[in-house]
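Student: I would like to learn how the words used for a protein model are justified, one value and one cut-off at a time. Could you take me through it slowly?

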Amino acid sequence: MPKLSATDPLIHPSCEITDSTFGAYTEIGHGSRINNAHFGDYSYCDRYADVANARIGKFANIAAFTRIGATDHPLHTASCHHFLYRSGDYWDDAEHDDAFFAHRKSRLAHIGHDTWIGAGAMIKPEVTLGHGAVVASGAVVTKDVDPYTIVAGTPAKVLRLRQPRDIAERIIALAWWDWSHDKLRTSLPDFRTLPVEAFLEKYES
């Protein structure tokens with residue numbers, strides 16, 4: 001497997017990429033579909049992820065078959081079918097409903113830094129996952145998730161905290177995800193071996 005790059009995202013075969021940007025050391029898994037999204041540095045998605053209208057932070061871990069910013073249909077009209085807004089596909093004398101598509105595009109999902117979204121999970125439009133949040137496999141997230149909180153289920157509910165609130169606040173203040181690539185490398189042994197409180201005590205000064 002090729003190494004990740006600071007300048008070019010690693011995009012595996014059969015991906016569909018439109019109107020999207022990617023930071024350093026990013027990876028898009030085989031068969032994924034990415035539309036109107038930004039992936040921050042070091043973030044990746046595994047195979048067959050479907051990401052639309054989303055802003056992904058740094059170091060996000062997105063498992064296979066996840067869906068973020070899943071597009072929806074109008075529910076306040078007499079029909080919710082494509083013909084309402086993809087009208088040009090059905091009649092030569094009709095146009096697509098550009099206002100509907102613009103509204104859909106504006107409903108961004110926001111994924112924080114150092115998050116983990118499990119296989120087959122779904123994050124609905126306009127939902128924010130706080131930094132460090134974890135979404136269990138198969139969960140459907142319809143509401144914002146606090147930082148360093150683990151959620152599971154359909155609809156997703158809080159399972160437990162990933163870190164105590166005071167520790168989470170200290171990690172967010174430290175913002176290690178903004179460190180340089182070289183500093184991350186130098187600190188790698190501590191990331192691997194130090195308990196979180198010891199890590200914070202060493203690097204907070």
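Student: Which residues touch the most other members of the largest nonpolar core?

Tutor: They are Phe 39 and Ile 68, in a core of 27 residues. Before going on, note that this is a predicted model, in which local features need pLDDT of at least 70 and side-chain atom pairs count only at pLDDT 80 or more, while totals for chains, interfaces and linings use all residues. Residues are numbered from 1 along each chain as its sequence is written, and side-chain values use heavy atoms, with hydrogens and water left out.

Student: What makes a set of residues a nonpolar core?

Tutor: The members must be buried Ala, Val, Leu, Ile, Met, Phe, Trp, Tyr or Cys residues, joined through side-chain atoms within 4.5 Å. For the largest core, the elements that give two or more residues are β5, β7 and β10. A second, separate core has 17 residues, including Ala 24, Ile 167, Leu 184 and Tyr 203.

Student: Which residues is Ile 68 in contact with, leaving aside its neighbours within four places in sequence?

Tutor: Contact means heavy atoms within 4.5 Å, and with those neighbours left aside the partners of Ile 68 include Asp 50, Val 51, Ala 52, Ala 54 and Ile 56, as well as Ala 109 and Ile 111.

Student: Why is Asp 50 called buried?

Tutor: The word buried means under 20% relative accessible area, exposed means over 50%, and partly exposed lies in between, with a 1.4 Å probe and protein chains only. Asp 50 has a relative accessible area of 17%, and therefore it counts as buried. Its strand, β7, is mostly covered too, since six of its seven residues are buried. In the protein as a whole, 41% of the 205 residues count as buried.

Student: Where does Asp 50 lie, and what is a strand here?

Tutor: Asp 50 lies in strand β7, which covers residues 50-56. Helices (H or I, at least four residues) and strands (E, at least two) are DSSP runs, numbered from the N terminus. The protein comes to four helices and 17 strands.

Student: How do you know that β7 pairs with other strands, and in which sense?

Tutor: Two strands pair if DSSP finds at least two bridges between them. Strand β5 (residues 33-39) and β7 are joined by six bridges in the parallel sense, and one of the bridge partners is Arg 55 in β7, set against His 38. With strand β10 (residues 109-111), β7 has three bridges, again parallel, and here Ile 56 is partnered by Ile 111 in β10. With strand β9 (residues 67-68) there are two parallel bridges, and Asp 50 stands opposite Arg 67 in β9.

Student: What makes Asp 50 and Arg 67 a salt bridge?

Tutor: A salt bridge needs a side-chain nitrogen of Lys or Arg within 4 Å of a carboxyl oxygen of Asp or Glu. For Asp 50 and Arg 67 the closest N and O atoms are 3.6 Å apart, and the pair forms a salt bridge. The two residues are 17 apart in the chain, with Asp 50 in β7 and Arg 67 in β9. Arg 67, at 28% relative accessibility, counts as partly exposed. Arg 33 joins Asp 50 and Arg 67 in a network of salt bridges, and the whole structure has 11 salt bridges.

Student: How far apart are N and O in the salt bridge of Arg 165 and Asp 146?

Tutor: The distance is 3.8 Å, and the side chains meet in a salt bridge. Arg 165, in helix α2, and Asp 146, in the loop between β15 and β16, are 19 residues apart. Because its relative accessibility is 39%, Arg 165 counts as partly exposed, and Asp 146 counts as partly exposed at 45%.

Student: Why is Phe 83 called partly exposed, and which residues form a nonpolar patch with Phe 83?

Tutor: Phe 83 has a relative accessible area of 34%, so it is partly exposed. A patch takes residues with over 30% relative accessible area and no salt bridge, joining like charges within 9 Å and nonpolar side chains (Val, Leu, Ile, Met, Phe, Trp, Tyr) within 5 Å. Phe 83, Tyr 90 and Trp 91 form such a nonpolar patch on the surface, with about 300 Å² of accessible area together, where accessible areas come from the Shrake-Rupley method with a 1.4 Å probe and, for residues, only the protein chains shown count as cover.
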